[in-house]
Amino acid sequence: MKTFTGIPASAGIAFGKAFVYRDEENSELPRYSITAAEEAAEWARLQKAVAEASEQVKALHDRAGREIGSEQAAIFQAHLMMLEDVDFLDQIRDRLKKSLLNIEWVVWEMCREIAQKLMASPDPIFRERAVDIADVSRRVINSLLSVTRSRFSLADIDEDVILVAHDLMPSDTLVMDKARIKGLAMDMGSRTSHTAILARAFNIPAVLGLSVISREIKDGDFLVLNGSSGTVALDPDKRTLARQEDEERQYRDQADRLGVLRELPAETTDGWRVALKANIEFPEEAERALHYGAEGIGLYRSEFLYITPGKAAEEETQYNAYSRVLKAMGKLPVTIRTVDVGGDKVSPELLTVNEKNPLLGWRAIRMSLANPELFKVQLRAILRASVEGNVRIMFPMISGIEELEQALVLLDEARSECKKKKQPFAQNIKAGAMIEIPSAAMTADILAEKSDFFSLGTNDLIQYSLAVDRGNEKVNYLGDSHHPAVLRFIKRTIDAAHEKGIKAAMCGELAGNPSATAILIGLGLDEFSMAASSIPLVKQIIRGTSHAACKALADEAMRARSIAEVRAAVKTWMAANAPAGEYGI
Ligand code: PEP
Ligand code: MG
C-alpha cells in the first residue's frame, strides 16, 4: 500500500480502478525510415486507422447528441468530415511517398504544420479548425500505435473509474460523463480551482494538489480516495480498506440525516433569516439544487457555454440553457453571471494572445467590454429568457465604477435591441457587481450606488488580496480565507451594501465553508451561495445558533491580529456552540 496526501477538495469516499488521463504531446512518437516497397503496407495501415477513428468519432457524435447537446455533436461531425476528406488523405499519401518515413510521423508532421498555420490566422473560425485538426490527428495516431484506449478525450470513459490527471481544463471536464467518475485525483489544483468546484457540484469526491500522483499511478490500479481527509491509498491493505468503508457508511448516514433539513428555513434560534442558494455550471444541476433545498441559484457560471472546444455558444443555445434553469427553478431567483473566461478558463474563440500573467490579465468583464457585440449576444439571451422566471444579472471581476457603468450601458443597448425585435423580457431585472477584487471591496460604497446587489467572490478576493494563485499547490497554504485582511474586505462590502439599502451575497467557496458560517452570519451576510451539497450542513449550523452569538464571534474575529487568532476564536466558539466533530472542520 502507498498513500498520497493532498488537498481535500470535495468530500466523500471512492473505491475503484484508476483511469490515468495524460494529455501529453506525442513526445514518444516513433520516427523511422521505410523502403519504397513498404509504402503500400504503410498506406494500408493508415486506412485501417482512419476507419477505426471514424467509428470512434461516430459513436462520440451520437453520444454527444443524446447527452451533451447539438453544439458538441457538430464538432464531432466536423471531425468526421476531416477523416473523410479525400484531398487531405491525398496530401498525406504524397508526403508518405516523398519522405519514406513511417506513417504516424507523416500524419503528425503534416497536421502540426496545418494547425500552426491555422493558429496564426486572425480569423477565429480558422483557429477553431486548428484545435479540430490536432484532435483528429491524435485520434488517428493513437489508432496507428494501437493505444487501446484513446486518452485525449475524457468522453471515452465508459466505465466507473477514479480519474487521475496532472491538471484538467474546464473544457476537458465538459465532455466527460460525470456519472462515470467516482473520484478525482490531480497533481494540481486547490479547493477553489475550477475542477474542485465542478467536483463538488457533481458530488464527486476529489483530492487535489497531489504533485506527482499522475506519474505514480497506472491505469487499472486499485485506489481508495478520501475527499474529506485528502488522501489517496494505492492498493490499500485490509485494515485501511475496512476503515474507509466504515467512514463511507458514516458519511452517507450523515447526508441522510441532513436531508431532513431540506424544507426548513435557514433561520437562527433568535429569528435571523438568511437565504441559502446553490452555485451551478450546467443547466442540469438546477434539479439537484432544489433537491438540497436551495432557495435559488446564487451563481450560474455561464462560461461552460463558451469553452466548449470550438466556439462560444450562439444566442439561441445560450437562451435555451438559461430558460431551462429558470423554468426548473420556478419563481426562485436565478443569478446568471456573465461570462468569466480568461485566467485559467480558456475560450479558443476569445483567446488571442498568450499572457504572462493571465490571472491579472484579460479575463471576465474586461473581455466582455472589449467584445461588446459578443457580450450583447449573452445579455440578449439572458433578457429573452427572463420571461421564464426570476432572473438577476451579475458582472464578474468589476474593478471599479467605470466598468460597472459600461456594462450597464451595454445591458441597456441589449434591451433596446430586444425591443426592436419585439422580443419580450422582464422589467426591472436586477443587475449587480461581483466583489472579488480588492479595489472593488475598497470602493464598495461607490459601486453600491449603481448596483442592485453585491455578491462576494471570495475565491478571487482571497487570491488577489493575498497574492496567492488559487490553482498553485505550492502557495496554497497562504491563501487562507480566515486572514484578517479577507475578513475586513468582506465586512466592508457588507456594510457598504447595507448603508445603501442593497443586499450582500457571497458565492465564493467560503459561503459553503462550515467554519466561516457563524462569522458571516455575525457580519450580516444576507445570502450564501454554495455547492448544493453543502447547503444542509450550513443550514444545520445556522439553525443551531443565535444571531447574537454569531455577532459576538464576528466582533472577536474582527479584532484578531492573525489567521491563527481568527481560527482559535472559531474553534472556541464551535466547542461552545456546536456538537463536537459534527461539522467535520
Ligand atoms: C469567486 O471568485 O469567488 C467566484 C465565485 O468566481 P469563480 O470561482 O468562478 O472565479
Ligand atoms: Mg471569481
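Guide: Welcome! The expected span of a helix is 1.5 Å times one less than its number of residues. This is a predicted model, in which local features need pLDDT of at least 70, side-chain atom pairs need 80 or more, and totals for chains, interfaces and linings use all residues. Residues are numbered from 1 along each chain, chains are lettered from A and ligands numbered from 1 as written, and side-chain values use heavy atoms without hydrogens or water.

Visitor: How far apart are the end C-alpha atoms of helix H22?
Guide: Helix H22 (a DSSP run of H or I, at least four residues) covers residues 563-577. At 1.5 Å a residue, its 15 residues should span 21 Å, and the model agrees: the ends are apart by 21 Å.

Visitor: Within what arc do the buried residues of H22 fall?
Guide: Val 566, Ala 569, Val 570, Trp 573 and Met 574 are buried (under 20% relative accessible area, 1.4 Å probe, protein chains only; exposed is over 50%, partly exposed in between). Seen down the axis, using directions to the C-beta atoms, they line one face of the helix because they fall within an arc of 135°.

Visitor: Which exposed residues does the face turned away carry?
Guide: Opposite the buried side of H22, the exposed residues are Ala 564, Lys 571, Thr 572, Ala 575 and Ala 576.
That face belongs to helix H22.

Visitor: Which element gives the largest share of the shell around ligand 1?
Guide: The shell has 17 residues (a heavy atom within 4 Å), Arg 301 and Asn 459 being among the closest. Helix H7, strand E10 (an E run of at least two residues) and helix H17 each supply at least two of them. The largest share, three residues, comes from H17.
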